[in-house]
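Biologist: I've got this one open on my screen and would like a close look at a single part of it. Could you walk me through it?

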Amino acid sequence: MAKERFIETYSQGVANIRKIIVDTETGVNYVLLSSNMSSGCGVTVLVDKDGKPIVTPVSPDQSC
């Protein structure tokens, strides 16, 4: 079975949804926000206080 490229590491809310998704190849974290998943959402890179992407360390045999 192929490894999932993106995994969800955090989820909050039912109406106002917030999720953190990690790219298992690069470790880059993304945040997904939506007030209603059926009418659209926004995704952007999650950054630290200096504006640098937040990266979760990943190893080749790890699924985060």
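Biologist: How many bridges join strand S2 to strand S3, and which way do the two strands run, parallel or antiparallel?

Modeller: Bear in mind that this is a predicted model. Strand S2 covers residues 17-23 and strand S3 covers residues 29-34. The two run antiparallel, and six bridges join them. If you want one spot to click on, take Arg-18: its bridge partner in S3 is Leu-33.

Now zoom out a bit. S2 and S3 belong to an open sheet of four strands, ordered S1-S2-S3-S4, with antiparallel pairing. So what sits at the edges, given that an edge strand pairs on one side only? Those places go to strand S1, residues 6-12, and strand S4, residues 42-45. The strands aren't lined up perfectly either: ignoring direction, neighbours in this sheet are turned by 25 degrees against each other on average.

As for the rest of the protein, don't go hunting for helices, as there are zero, alongside the four strands. Reading from the N terminus, the elements simply go β-β-β-β.

A few overall numbers round this off. The protein has 64 residues, and 19% of them are buried, with under 20% relative accessible area as the cut-off. Its accessible surface comes to about 4600 Å², and carbon and sulfur atoms hold 55% of that. Finally, take the contacts with a separation of 6 or more: residues 24 or more positions apart account for 23% of them.

Conventions. Residues are numbered from 1 along each chain as its sequence is written. This is a predicted model: local features need pLDDT of at least 70, side-chain atom pairs count only at pLDDT 80 or more; totals for chains, interfaces and linings use all residues. Side-chain values use heavy atoms; hydrogens and water are left out. Two strands pair if DSSP finds at least two bridges between them. Axes are lines fitted to C-alpha atoms, for helices over the stretch in contact, and angles run from 0 to 180 degrees between N-to-C directions. Buried means under 20% relative accessible area, exposed over 50%, partly exposed in between (1.4 Å probe, protein chains only). Contact means heavy atoms within 4.5 Å. Accessible areas come from the Shrake-Rupley method with a 1.4 Å probe; for residues, only the protein chains shown count as cover.
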